[in-house]
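Work through the exercises below with the sequence and the structure at hand, trying each task before reading its solution.

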Amino acid sequence: MELKINKLTKQYGNKIAVDRFSVTFTEGINGLLGANGSGKTTLMRMMCDILRPTSGEVLLDGVNITTLDEAYRELLGYLPQNFGYYPDFSAWDFMLYFSSLKGLPRLTAENRCKELLNMVGLYEVRKKKIKTYSGGMRQRLGIAQALINDPKILILDEPTVGLDPKERAKFRNIISENSTGKIVLLSTHIVSDVEYIADRIMIMKEGQLSQQATTDRICDSIKDFVWSLQVAPNDVDSYNSNFIVSNLKHSGEQVELRIVSEERPSEKAVNVSPNLEDLYLYHFKGEV
Amino acid sequence: MITIIQYELKKMLIQPLSLMLILILLAVNGIVLLFNSEGSIVSRQDIEMQRAEQSQYAGAINENWTTSITEKLKSLKENPDNLISKDEKIKVQQGYLQRGYTQEYVDKMDNTNFLKPEILNSLSYNILLDAKYSSEFYDYAQQFSDMQGELYRREGDGKKGEALASKAEAMYGYLAQDYIAHYGYNLGWLKLSFMQSLMPFIVGLFLIVTISTIFSKEYSQKTDSLLLSTKYGKSRLIYAKLGASFILAIGFWITIQGMNLLVTAGLFGLQGAETYVQDWLFNNSPFAIPQLTNYIAVRIVSLIGVIFLTSIIILISVKSKSSFLTTVISTILLLFPVVISIPNVGGIVGRFISEAMLFMPVRLLIATDYFTFFRGYYIVGKVVLMQWVVPMVAILLSILVVSIAFKTFKRHQVEN
């Protein structure tokens, strides 16, 4: 299965939200990193066939998804950013409703909903109204509904918003367990969401694909740009103003700084291996 | 599909406001059923007395019937026991003279002016007067025939005026010469007719509050992105929403109609199904149909009105991004023809407004006044009655509006 994004563009007046974005997805987990306003949500909406592109196309195995229509959406699972819900519905109602919209027969739907609600830890409270749920519970419900039809294409827009670290870890495991034979696209600000599970990372900046590579190679581009050095506490402010400091740790009377910079920040600075967070800060330094 | 429809109905009804509204509206409807026009609770005893009194004169209005009524009235007026004393009579006459009436007029006054107050206010006398008025049914019909003919010939141009005049004369002429009107107790049917005037405030309000959210709430709650990305989000879901809306609308309308029929049958009875509908004051129907046929015709048009009203609300909902805005716009657009009186404007503008009002969904929902006057349209050399044209146009517009609503949601772009 191959999902091809071919020069996808979305323009609103003078503003270009997505700019000639081209990429090909095959099975695996793809992480999409980008700052607010970089075009991730717009891109995902076009991939879900709920927003018409200004130009370009999305092709599944060579066929435009608009042409495929229901046949495409049958394979799709989508969790939007700030997903909406029906406050007076229970989680059980919500899941069964979406099961019917995704074409599951009643009996299959009930079994599937039970399985998914158990997986996200909401089965015990399935009869309670969604309006009584916490933000994290609602997000888990959103993840569950995205998986109802065992989708072959799973698009998750900021799926871990509102989840605590334990829930985020559980989410990563759920995605990993359910990603075999699927195309998964996951957008996030939280680097750790994708760092451990994604096969490929894409950086999106100002509507364009800035960089893409496998997870183990994505940081190669900045391998010479990440530094570690120890400074006196009085000098911390100066480094903060002049460089991107990705980490700051007090170590006795000194402060250990981790800096992302193309130039060596100091003679004492030592080059260290970059991580995904360093890469994110490097790309979005203007927005930090 | 059925499951989706069930959930759409649940979405509309699960809101506490919807359930509360149903109960309030049913209660209001019930209260109005139980109250008479004077604002007091209907008395079974009074109804029974009226039924008994009026049933005495039930029958076809013909020469024998008319003669019988006339003689009974004359007999009542000439009965000395029913008249005031001589002194009181003189006082009444002097009163008329003081008000400026001539002696000649006063001398010719009949006994109606000298009946005792308890006779004047009695049920038996008033029923007799009502029957006497009914005996002039054919005369009034003939008068209307002549008046309408003259009106259309005067105002219409050439063939159009002549065609409309001929049609009106034919319809009223039939009532005057060939139709056999029946008189009798028919309070139940009059009550049912009156209850139609509440339709905008009972059924209309309910539909505006519940159905206005059918699409607009998906936008405001941001569930549109989830729905439209599902397999059936651009097909079955929309059919289900439309289906649920019409099921709810027609279901509630049937409930109200059923409630009205049952309570009216229980309180007033449904006697008088064969009696005539025209009162020649507010109801100048050219149709030779009795109460029962009129009831059915009004309900058919009212049902079309419910469908039309529902279609418009759906369209407003799908076009609007806010449930609140949908409710406000729907309320203003749909209820204003009954809440606000349109000022009398002359000329072409006035006629246009007058014609446009006939096509308002809320007027169709009430429906009773469509059958109280003659109105025809001269189309391709033929006269087509308004009572056919308006429902047909409403049906066609409903189909068009629903199609637009379907396409609008299907093509909706999630942009925020």
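Helices here are DSSP runs of H or I that hold at least four residues, and they are numbered from the N terminus. The model is a predicted one.

**Exercise 1. Describe the salt bridge between Arg154(B) and Glu150(B), and state how the two residues are placed along their helix.**

Solution. Begin with the distance: the closest N and O atoms of Arg154(B) and Glu150(B) are 3.3 Å apart, which satisfies the cut-off of 4 Å for a salt bridge. Next, look at the helix, which is α9 of chain B, covering residues 137–155. Because the two residues lie four positions apart in this helix, about one helical turn separates them. Finally, consider the surroundings: Arg154(B) is exposed, its relative accessible area being 54%, and Glu150(B) also counts as exposed, at 52%, since exposed means over 50%.

**Exercise 2. Find which helices are linked by the salt bridge between Arg153(B) and Glu169(B).**

Solution. The closest N and O atoms of Arg153(B) and Glu169(B) are 2.7 Å apart. This pair links distant parts of the chain, with Arg153(B) in helix α9 of chain B and Glu169(B), 16 residues away, in helix α10 of chain B, which covers residues 158–177. As for accessibility, Arg153(B) is partly exposed with a relative accessible area of 36%, and Glu169(B) counts as partly exposed at 24%.

Salt bridges that share partners also occur, and they join Asp49(A), Asp69(A), Arg73(A) and Lys234(B) into one network.

**Exercise 3. Decide whether Arg73(A) and Asp69(A), which meet in a salt bridge, are buried or partly exposed.**

Solution. The side chains of Arg73(A) and Asp69(A) meet with a distance of 2.9 Å from N to O. Arg73(A) has a relative accessibility of 1% and therefore counts as buried, because buried means under 20%. Asp69(A), by contrast, has a relative accessible area of 26% and is partly exposed. Over all chains, a search of the whole structure finds 29 salt bridges.

**Exercise 4. Determine how α2(B) and α12(B) are oriented relative to each other, and name residues through which they meet.**

Solution. Two packed helices are described by the angle between their axes and by the distance between those axes. The axes of α2(B) and α12(B), the latter covering residues 199–211, come within 10 Å and cross at roughly 175 degrees. Angles over 145 degrees count as roughly antiparallel, and the two helices are therefore roughly antiparallel to each other. On the α2(B) side the contacts include Leu17(B), Leu21(B), Leu25(B) and Val28(B), while on the α12(B) side they include Phe201(B), Leu205(B), Phe206(B) and Val209(B).

Leu17(B), which is placed in helix α2 of chain B, residues 16–34, is partly exposed with a relative accessible area of 48%. Together with Met20(B), Ile24(B) and Val28(B), Leu17(B) makes a nonpolar surface patch of about 360 Å².

**Exercise 5. Summarise chain A as a whole, from its secondary structure to its surface.**

Solution. Chain A contains ten helices and 14 strands, and its C-alpha atoms fill a box of roughly 70 × 45 × 35 Å along the principal axes. Of its 288 residues, 55% count as buried. Among contacts in chain A between residues at least 6 apart in sequence, 67% join residues at least 24 apart. At the surface, chain A exposes about 12700 Å², of which carbon and sulfur atoms supply 45%.

Conventions
Residues are numbered from 1 along each chain as its sequence is written. Chains are lettered from A and ligands numbered from 1 in the order in which they are written. This is a predicted model: local features need pLDDT of at least 70, side-chain atom pairs count only at pLDDT 80 or more; totals for chains, interfaces and linings use all residues. Side-chain values use heavy atoms; hydrogens and water are left out. Patches are made of residues with over 30% relative accessible area and no salt bridge: like charges are joined within 9 Å, nonpolar side chains (Val, Leu, Ile, Met, Phe, Trp, Tyr) within 5 Å. Accessible areas come from the Shrake-Rupley method with a 1.4 Å probe; for residues, only the protein chains shown count as cover. Buried means under 20% relative accessible area, exposed over 50%, partly exposed in between (1.4 Å probe, protein chains only). Axes are lines fitted to C-alpha atoms, for helices over the stretch in contact, and angles run from 0 to 180 degrees between N-to-C directions. Angles under 35 degrees count as roughly parallel, over 145 as roughly antiparallel, 65 to 115 as roughly perpendicular and the rest as oblique. Contact means heavy atoms within 4.5 Å.
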